[in-house]
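Colleague: I should like to take a close look at a single part of this model. Would you please guide me through the salt bridges, one pair at a time?

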Amino acid sequence: MKSVVINASGGGSDIGVSGNGLVEKNISLEISNIIKNILESKGIDVYMLRDKDETISYDDRIKDLKKKYPNSKDVIVLSNTLNSGGGSGTEIIYALNNKDTLANKINKNLEYFNNSKYYQLRLPSDTTKDYYYLTRNTPGYETIIVRYGYADNAKDANIIKNNIEELASSVADAILDYIGIIGGDNIYIVKSGDTLYSLAKKFNTTVDEIKKLNNLSNNSLSLNQSLKIPNATTEKEPSTSYDTYKVVKGDTLYGIAKKFNTTVDEIKKLNNLGSSSLSINQLLKIPNTTSKTYTIVKGDTLYGIAKKFNTTVDAIKKLNNLSSNTLSIGKTIIIP
């Protein structure tokens, strides 16, 4: 399975580009941390070249990368950045020695938010080499740079500020799709300390489901063993009085109550919550007011579903915390 190394541009004395309330070093780290959390929740090995606000030269980052992963095979290097200079839109730059498959997937997810394009860029003085220092000095690795927009463009800045988590989730989804861990059954590589119980808890499934899917006769696991993990979906339980919602990073009871047109007290009462604390991936029962559920069938698209139920793609994505337009057959979504 591929490992993912994340480079958050800037840091410390290097603030990067700035404008319209955006500071590159802060945005890049915030996005990088969200992507890291999503990938790790799927069992991906992730390493951050910068995980706090400190100055680290690109030479040192590259040395760190090569020391941690001397074998470049099966390593994706993702660099999260912003842009400036009077342009607009999202840009994805992939290395000359790489195919455009991953760049294309990221582009398809990000073009929902803004104008987006992907391309390669050559060094003018030597067109056999990559233009950017990071891609030029990481041959053999699958290095890709994502520039989420122009800080000096008010429209771009607005999109970034209002969609930090969604932008990060879209890139994480594209990487998972590229690796082969999205939709249907996930593939997980067993690590030291893993047990069937801990994996079942981590992926919101059961030990029996994992054993059944992998034809396991006992609970023994082997290091680096490949396991299929049942796809966990947030489906409505057999009741018409409530829907279910899976907690994501940044959620609060107040925010969830506002989103679903209910109250904090109603959610706490329905879920027997003694406090307002929430855990990522926690399933909550949500009082069902004017929403309904729909199960995805072959051939469905968000546009087609929105048209069918006289709503919008944006409304469906917001209500279901969808970061991309990808749908999984059999998944149940909430319709406004």
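Modeller: What follows is an account of the salt bridges and of the residues that form them. Please keep in mind that this is a predicted model. The structure holds six salt bridges.

Let us begin with D53 and K25, whose side chains meet in a salt bridge at 3.1 Å, N to O. This pair links distant parts of the chain, for the two residues are 28 residues apart. D53 belongs to the loop between β4 (46-48) and α2 (58-68), whereas K25 lies in helix α1. The partners also differ in their surroundings: D53 has a relative accessible area of 47% and is therefore partly exposed, while K25 counts as buried because its relative accessibility is 12%, and the cut-off for buried is under 20%.

Helix α1 also holds the pair E40 and K36, which lie four residues apart, about one turn of the helix. The closest N and O atoms of E40 and K36 are 3.1 Å apart. E40, with a relative accessible area of 29%, is partly exposed, and K36, at 22%, is likewise partly exposed.

A further salt bridge joins the side chains of D126 and K129, at 3.9 Å from N to O. D126 counts as partly exposed at 25% relative accessibility, and K129 counts as partly exposed at 41%.

Finally, K2, D74 and E142 are linked in a network of salt bridges.

Terms used:
Residues are numbered from 1 along each chain as its sequence is written. This is a predicted model: local features need pLDDT of at least 70, side-chain atom pairs count only at pLDDT 80 or more; totals for chains, interfaces and linings use all residues. Side-chain values use heavy atoms; hydrogens and water are left out. A salt bridge is a side-chain nitrogen of Lys or Arg within 4 Å of a carboxyl oxygen of Asp or Glu. Buried means under 20% relative accessible area, exposed over 50%, partly exposed in between (1.4 Å probe, protein chains only).
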